[in-house]
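Work through the exercises below with the sequence and the 3D view at hand. Try each task before reading its solution.

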Amino acid sequence: GNGGQMDTLMKQMRGVPAVRILKVYGRYGFLRFGPEDDIIPYERIRQITKERTTEFQFEEHGAALRLFVPMVNDDRCQVCHGSKWPMRGVIVLEFKRNELAHIAADIDQRFTTALQMVVTEGFRSIMLVGRANSTRFYLDELRTMPIFESVRVFDNKGGERFLNPPPRKLMATQAAEHRDTVEYTYAVDGESFLVRAEPVLNEQRCFACHASAQKVRGVVEVRSSLADIHAEIQRNQYRSLAVALVTFGLVWLVIRYFMRSMVVKPVQLIENVATRVGRGDFTVRASVDSKDEIGSLARQINEMVVGLRERFHLQKFVSQQTVVTIRQNEAGVDMTAGRKTATVFFSDIRGFTSYSERTKPERVIAMLNACLSTQAAIIGKHGGDIDNYVGDEVFAVFEGEGMVERAVRAALEIQTTVISSLQQTDRKAINIGIGINTGEMVMGALGSEERKALTVIGDNVNLGARLCGAAKGKQILLSETSAKHLIGHPEFAVKKLRPIEVKGKRAPINIFEVRSKKSLSKKQKQ
C-alpha cells in the first residue's frame, strides 16, 4: 500500500547476484517503477497481460536474460487496483548472462545467497514503510513457494518473531551479534538442507520504530532443500541436452539441404556435362546460375565446351597428321621442316568439268561430297592421311611400313567402290584417275604464326600430281620408285607403260599401271 517506495526496492535489488535490473510495468505496458533506460515496448507487456497467465516467460536480450513475471490482481490487491482488471502488470527482471555462468560453478551457495538477499530486501522494504503487519502476509507467501524449506525472522535478541518451525536461537543470535551472515548445512533423513541467516541492519530512517541504540533490527533466515536444487539442475541439464540434440538435428538438416542444393547438385550437373563431352556430345551445357565459385566453374566449363566444339569441327578441315603433331607437341606446331620418305596419293575426277556445266549446282555438290567422303573413308581405312582437297582432287600421304601396298589397295578399292555408289546417270558421266609416287620429300608446318598448314612439298610430290593428271578414268599410275615395291607381289599386277614427259622433268619418266590380279583373272575367265 505504499508504491512510492518501490523505486528504492528496485535500486536495492541490483545488489542481488547476477541481477542487472528490476522494473515494474503497469497493465497498459508503461513503466511504473524502476530506471527509465532500456524501456521494453508496451506491446510486449500488453501481450503478456492479455494472456492472463501466471506462467513466467524468458527472453534473451543481448548480454542479459529477461524474466517476465505476470502479476495477477488478487482479491487483497483490489483495494488499490480495483476489481475490473484481472492483471495488475508485469515484473521484468534482467540477469547478467556472464555472471550466471559463474554462479553455475557454485550453484548451491550462490542460489541460496540470491534467495536470501531477495527475501531480506523485500522484508526490509516492508519495514521501511511502516507496514510491519504486512510482514506476516509476506512470509506466508514465501513459505508457500516450493523452493523454500522454511523462512524465519528473528529479533536482535535471537528470538523468533513470526513463528513458524521451532527456532534456532543460537544461529539468529550469532547473526545479530556479529552483524554478518551465518550459514550451514545439515541433513534430515538423508536429505540435505542449506540454512542462511542474514542480519537486517537498523538504519537511521528506521529509528522512528526501532531504538537508535540497536545496531540490528532482526535476522532473516532462509532454509532450502539441496535435493530440490539438484533436481532442478538435473532437469535443466536434461532440457539443455534435449535442446542441444534438437538444435544439432536442425543444423544438420539445414547443412545437408544447403550442401545438396548449393554444392552437390551443381557438381553433379558439371560432372554430367564432363561425361557427355567425353562421349563427344558438344551440345550439352551446365545449367548453374549461382554467383559463387561453383557457378564460375560452370560458366568456365560451358566456355570450354564451346571451344571444344569449335576445335572438333575445325579438326575436320585439317589433316590427321596435323592433329597428331599438335597433340605430341604441347607448345604448338613445330615450324621446323624435315625430310621424310613417304608415298603420295592423288586422285582426280575425270569429266567433272563437263558434268558440272550441265548439272544443277546442288546435285554437283552432293555428288562431289559423296565421292570425297567415300574416298576419305577408304584412305583412312588403309592408314593414309588426307592432306588436302583441291576442288575434285584428293591429296593424301601414306607413311611407314607397307605404305606403297596400302596406297595401292586404297586406290583399287576407290576405283571399284566410289563410282558404283553413285546414281546411274552420274556413273556414266564421271570416272576417277589416280597417281601414286614414293620418294623423299620435305614435311613440316608452313605459314605464319597466325595461320599454318602441315603438308609435304618437293619434287616427288609434284611428280605424284603429274601422274594423277596423266591417268585416265579408272586408271592407277605408279612411278618407277613405287612400282619397285610391288615386284612379285601376289596381289598386284604391274604393267610398264610408255614413258611420258611431265612438267619440271627434262627427260621422260617411266610409268606403270597397277591392277588387281583377282579382277584380271575374272576378266580372263569371262
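**Exercise 1.** Which residues are linked with Asp 38 in a network of salt bridges?

Solution. The model is a predicted one. Start from Asp 38, which sits in the loop between strand E2 (31–33) and helix H2 (42–51). The network of salt bridges links Asp 38 with Arg 20, Arg 44, Glu 59, Arg 66 and Glu 94. Next, look at the backbone: Asp 38 is not a glycine, yet its phi is positive, about 55°. Finally, classify its exposure: the relative accessibility of Asp 38 is 32%, so Asp 38 counts as partly exposed.

**Exercise 2.** Find Lys 474 and decide whether it is buried, partly exposed or exposed.

Solution. First locate the residue: Lys 474 belongs to the loop between helix H15 (459–470) and strand E15 (476–479). Its phi is positive, about 70°, although Lys 474 is not a glycine. Exposed means over 50% relative accessible area. Lys 474 has 59% relative accessibility and therefore counts as exposed.

**Exercise 3.** Describe how strands E11 and E12 pair.

Solution. Strand E11 covers residues 385–390 and strand E12 covers residues 393–398. They pair in the antiparallel sense, over five bridges. One bridge to check is that of Asn 388, whose partner in E12 is Phe 395. Then look at the connection: two residues lie between the strands of this hairpin, and Gly 391 in the turn has a positive phi of about 65°.

**Exercise 4.** Which residues have the most contacts inside the largest nonpolar core, and which element gives the largest share of it?

Solution. The largest nonpolar core has 38 residues, and Phe 345, Val 408, Ile 430 and Ile 436 have the most contacts inside it. Among the elements that give two or more residues to this core are strand E10 (338–350), helix H12 (361–381), E12 and strand E13 (431–447). Helix H13 gives the largest share, eight residues. Now take Phe 345 as an example: its contacts include Ile 379, Phe 395, Ala 411 and Ile 436. A second core is separate and has 15 residues, including Val 119, Phe 123, Tyr 138 and Leu 142. As a general point, nonpolar side chains tend to be buried together in soluble globular proteins. For contrast, turn to the surface: Val 246, Phe 248, Leu 250, Trp 252 and Leu 253 form a nonpolar patch there, with about 560 Å² of accessible area together.

**Exercise 5.** Examine the salt bridges of Glu 183, Lys 340 and Arg 409: what is the partner of each?

Solution. The structure holds 15 salt bridges; take three in turn.

- Glu 183 pairs with Arg 196, with the closest N and O atoms 3.2 Å apart. Glu 183 is in strand E7 and Arg 196 is in strand E8, so the pair ties together parts that are 13 residues apart in sequence. Glu 183 is partly exposed at 35%, whereas Arg 196 is buried at 10% relative accessibility.
- Lys 340 pairs with Glu 399, with the closest N and O atoms 3.8 Å apart. This pair links distant parts of the chain, 59 residues apart: Lys 340 is in strand E10 and Glu 399 is in the loop between E12 and H13.
- Arg 409 pairs with Glu 491 at 2.9 Å, N to O. Arg 409 is in helix H13, and Glu 491 is in the loop between helix H16 (480–483) and strand E16 (492–496), 82 residues away. Arg 409 is partly exposed at 28%, and Glu 491 is partly exposed at 34%.

Technical notes. Residues are numbered from 1 along each chain as its sequence is written. This is a predicted model: local features need pLDDT of at least 70, side-chain atom pairs count only at pLDDT 80 or more; totals for chains, interfaces and linings use all residues. Side-chain values use heavy atoms; hydrogens and water are left out. Two strands pair if DSSP finds at least two bridges between them. Helices (H or I, at least four residues) and strands (E, at least two) are DSSP runs, numbered from the N terminus. Buried means under 20% relative accessible area, exposed over 50%, partly exposed in between (1.4 Å probe, protein chains only). A nonpolar core is a set of buried Ala, Val, Leu, Ile, Met, Phe, Trp, Tyr and Cys residues joined through side-chain atoms within 4.5 Å. Contact means heavy atoms within 4.5 Å. Patches are made of residues with over 30% relative accessible area and no salt bridge: like charges are joined within 9 Å, nonpolar side chains (Val, Leu, Ile, Met, Phe, Trp, Tyr) within 5 Å. Accessible areas come from the Shrake-Rupley method with a 1.4 Å probe; for residues, only the protein chains shown count as cover. A salt bridge is a side-chain nitrogen of Lys or Arg within 4 Å of a carboxyl oxygen of Asp or Glu. Lists of a residue's contacts leave out its neighbours within four places in sequence.
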